[in-house]
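The paragraphs that follow walk through one structure, beginning beside its ligand and moving outward from there. Please keep the sequence and the 3D view open while reading.

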Amino acid sequence: MPEAALHVGSGKVRELYALDEERLLLVASDRVSTFDVVLPTDIPDKGRVLTGLAGFWFARTQEICPNHLLALRSDGRSTECRRLEMLPIECVVRGFLAGSGWKDYTATGAVCGHALPAGLAEAAELPEPIFTPATKAETGHDENIDREQAAELVGAERLAEVERVSIALYRHAADHARQRGIIIADTKFEFGLDDEGRLVLGDEALTPDSSRFWPADEYETGGSPPSFDKQFVRDYCETLGWGKTAPGPELPDAVVTGTRARYVEAFERLTGIVFDDYLTDPEVVLR
Ligand code: PZK
């Protein structure tokens, strides 16, 4: 727990504290959610994996866009960050047709106003990555919006900027990941403005919680590919006949151990850093 810090918000698996007027502390827990339900069993080090990965990407994408990271704390799960004025949209980029993108495509042939070629299969790679903004729903599901609705929320000029930057960030990370056997099918960015009105990348970016990571060697279209990180959890939950509403089931040790290993594998593949070296000194990901 951070000392002398006011709690200012909770996500499903993260907490946000105020350090002072300019700085926040983003703390990633080891909680895991599946089918939108947080489970009672933690995955040890999950929050450290996500914090380290986000730090790795922040360090490597500074030239594309400045970000809110100030420091990683020695606990490995806490990010000190600049306090921003957050924009009221989720900036989603999709390189592949999954989730709500696939759903919208089957219903309308388009996703957020992007007309797509006919006859694409589920999980197909798109000809080009597309920017598909969504509103931030307080509870429940974010709603995809078209560029007109997004422009009403942030202004046309700012929208053009976040679209350009989001696609550049996605291309950078997806290319890097693909060379290391991981497909980043889609990802969500949250941006804010600093006190001079400059666009700054915030939140936790390009992690398995903010993205769909698929193992490249198991990729195929015509279904929903396995999740790199959560597939053991999902498969186990499917064996239970659980109704996918709270409360979720406890996870057996083998599922916990296997899932932790997948998170660590994603970290090591993407960063090229041994996870134990991250635990010794989290700031290794920033160098
Ligand atoms: C901010 N959230 C999401 C909610 C969480 C995260 N740099 C920033 N400046 C101002 N506000 C935010 C950030 C960031 N990141 C992020 N809400 C506000 C959120 C609850 C818990 F961990």
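A good place to enter this predicted model is His68, which sits in the loop between α1 (46–60) and β6 (69–72). The relative accessibility of His68 is 5%, and because buried means under 20%, this residue counts as buried. Its surroundings can be listed by leaving aside the neighbours within four places in sequence: His68 is then in contact with Leu26, Phe58, Glu80, Cys81, Arg82, Leu84, Val200, Leu201, Gly202 and Asp203.

Several of those names return when the view is centred on the ligand. The ligand is surrounded by 14 residues, and the closest of them are Leu26, His68, Arg82, Leu84 and Asp203. Here His68 contributes its side chain, an N or O atom of which is 3.0 Å from a nitrogen atom of the ligand. Arg82 takes part through its backbone, with an N or O atom 2.8 Å from a ligand nitrogen, and for Leu84 a backbone N or O atom likewise lies 2.8 Å from a nitrogen atom of the ligand. How much of the ligand does the protein bury? Taken alone, the ligand exposes 480 Å², and the protein buries 82% of that area.

Which elements give two or more residues to the shell around the ligand? They are β1 (6–10), β2 (14–18) and β3 (23–28), and the largest share, 3 residues, comes from β2. In chemical character, the shell divides into 5 nonpolar, 4 polar and 5 charged residues.

The strands β1, β2 and β3 can now be followed in order along the chain. Strands of a sheet pair through backbone hydrogen bonds, either parallel or antiparallel. In the case of β1 and β2 the two strands run antiparallel and are joined by 4 bridges, while the connection between them is a hairpin of 3 residues. To locate this pairing in the view, one can look for Ser10, which stands opposite Glu15 in β2. On going from β2 to β3, the strands again run antiparallel, here with 5 bridges, and the hairpin that joins them passes through 4 residues. A useful marker for this second pairing is Ala18, whose bridge partner in β3 is Leu24. Of the 5 residues of β2, 4 are buried, so this strand is largely enclosed by the rest of the structure.

Glu15, a residue of strand β2, leads from these strands to the loop that follows β3. With 18% relative accessibility, Glu15 counts as buried, because the limit for that class is under 20%. Not counting residues up to four places away in sequence, Glu15 touches His7, Gly9, Ser10, Leu25, Leu26, Val27 and Arg31. With Arg31 there is also a polar contact of 3.0 Å that joins the two side chains.

Arg31 itself is found in the loop between β3 and β4 (33–34). Is Arg31 buried or partly exposed? At 25% relative accessibility, Arg31 counts as partly exposed. Once its neighbours within four places in sequence are set aside, Arg31 is in contact with Gly11, Lys12, Val13, Arg14, Glu15, Val38, Asp42 and Lys46. A separation worth tracing in the view is that from Arg31 to Gly47, for these residues are 16 apart along the chain and their C-alpha atoms are separated by 7.7 Å.

Elsewhere in the model, 3 strands form an open sheet in the order β8-β15-β16, with antiparallel pairing. The edge strands are β8 (85–86) and β16 (199–201), each of which pairs on one side only. Between β8 and strand β15 (residues 191–193) there are 2 bridges in the antiparallel sense, and Met86 has Gly192 in β15 as its bridge partner.

A last stop is Thr257, in helix α6 (residues 253–271). Thr257 is exposed, with a relative accessible area of 53%. Thr257 and Leu24 are 233 residues apart in sequence, and the distance between them in space is 32 Å, taken from C-alpha to C-alpha.

Methods: Residues are numbered from 1 along each chain as its sequence is written. This is a predicted model: local features need pLDDT of at least 70, side-chain atom pairs count only at pLDDT 80 or more; totals for chains, interfaces and linings use all residues. Side-chain values use heavy atoms; hydrogens and water are left out. A residue is near a molecule or strand if one of its heavy atoms lies within 4 Å of it. A polar contact is a pair of N or O atoms within 3.5 Å; within protein, one must be able to donate a hydrogen and the other to accept it, and residues adjacent in sequence count only if both atoms are side-chain atoms. Accessible areas come from the Shrake-Rupley method with a 1.4 Å probe; for residues, only the protein chains shown count as cover. Ala, Val, Leu, Ile, Met, Phe, Trp, Tyr, Cys and Pro count as nonpolar, Asp, Glu, Lys and Arg as charged, and the others, Gly among them, as polar. Buried means under 20% relative accessible area, exposed over 50%, partly exposed in between (1.4 Å probe, protein chains only). Two strands pair if DSSP finds at least two bridges between them. Contact means heavy atoms within 4.5 Å.
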